[in-house]
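Please look over the structure below, then read on for a short account of one helix, a nonpolar core and a pocket.

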Amino acid sequence: MRRQRAAVGTTVFFVVGPGSVIGLVPWLLTGGWQLRKPLPYWAPMRVIGVILLAAGLIALIQAFARFVVEGFGTPVPIAAPERLVVGGLYRYVRNPMYVAALAIIVGQALALGQLGLLIYAVALWLITATFVRFYEEPTLTRRFGADYEAYRRAVPAWWPRLRPWKLSDRDDPGAG
């Protein structure tokens, strides 16, 4: 039952939260996904954009699913996970949802040739990084204590590790 409620809550939040941030706002900023006339030789950038967009969407869905499968909760603070979520993509980077959302927006910017979306991505990262630093990290430290601190020391917030962090690395956060 816990997992069912977590799945429903996570799905609703996915539609409302990221749906707005990576869907509605970019749609509004681009005038309904308007494709800009490309600069000369822009085709490779469009391809990179589509790859970033697809990879970001897959990563975002996987990160959200991890909250249900591993944490028995949702990414929403009022229905937070019971367990610290450190599996899947969280073994590489502490904030895979935010990194994935930013990749999607940058991908949209490149695919559509929309500079406004790159500016939006930078602004979103600044807001998100501030939120993570001053709300999420202290909250997780209070909730999960030493486990979160070990995880935080071993796994970068924004740039993924090359090798996955293992739960057994807790005793030696620099390992892995």
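## The first helix

The bend at a residue is the angle between axes fitted to the seven residues ending there and the seven starting there. In this predicted model, that angle is about 60 degrees at glycine 19 of helix 1. Helix 1 covers residues 2-29, and because 1.5 Å is expected for each residue, its 28 residues should span 40 Å, which agrees with the 38 Å that separates its end C-alpha atoms. Just after helix 1, glycine 31 adopts a positive phi of about 65 degrees.

Among the residues of helix 1, Ala6, Thr10, Gly17, Pro18, Ile22 and Pro26 are buried, and what covers the buried residues of this helix includes helix 2 (43-69), helix 3 (96-112) and helix 4 (115-154).

## The nonpolar core

The largest nonpolar core holds 28 residues, of which Leu60, Tyr90, Met97, Ile105 and Tyr151 touch the most other members. At least two residues of this core are supplied by each of helix 2, helix 3 and helix 4.

Which residues does tyrosine 90 touch, not counting those up to four places away in sequence? Tyrosine 90 touches Ala63, Arg66, Phe67, Val85, Pro96, Met97, Tyr151 and Val155, with that exclusion applied.

## The largest pocket

The largest pocket contains about 850 Å³ of space. Its lining is made up of 37 residues, and those closest to the centre of the pocket are Pro75, Met97, Tyr98, Phe131 and Glu136. Helix 1, helix 2, helix 3 and helix 4 are the elements that give two or more residues to this lining, and the largest share, 13 residues, comes from helix 4.

Note on methods: Residues numbered from 1 in each chain as written. Predicted model: local features only at pLDDT ≥ 70, side-chain atom pairs only at ≥ 80, totals over all residues. Heavy atoms only, no water. Helix = DSSP H or I, 4+ residues; strand = E, 2+ residues; numbered from the N terminus. Expected span 1.5 Å × (residues − 1). Buried < 20%, exposed > 50% of the residue type's maximum accessible area, 1.4 Å probe, protein only. Contact = heavy atoms within 4.5 Å. Core = buried A, V, L, I, M, F, W, Y, C linked by side-chain atoms within 4.5 Å. 1 Å grid on protein atoms, 1.4 Å probe; cavity = no way out; pocket = protein on both sides within 12 Å on 5 of 7 lines; lining within 4 Å. Points joined across faces, edges and corners; volume = space filled by probe spheres on them.
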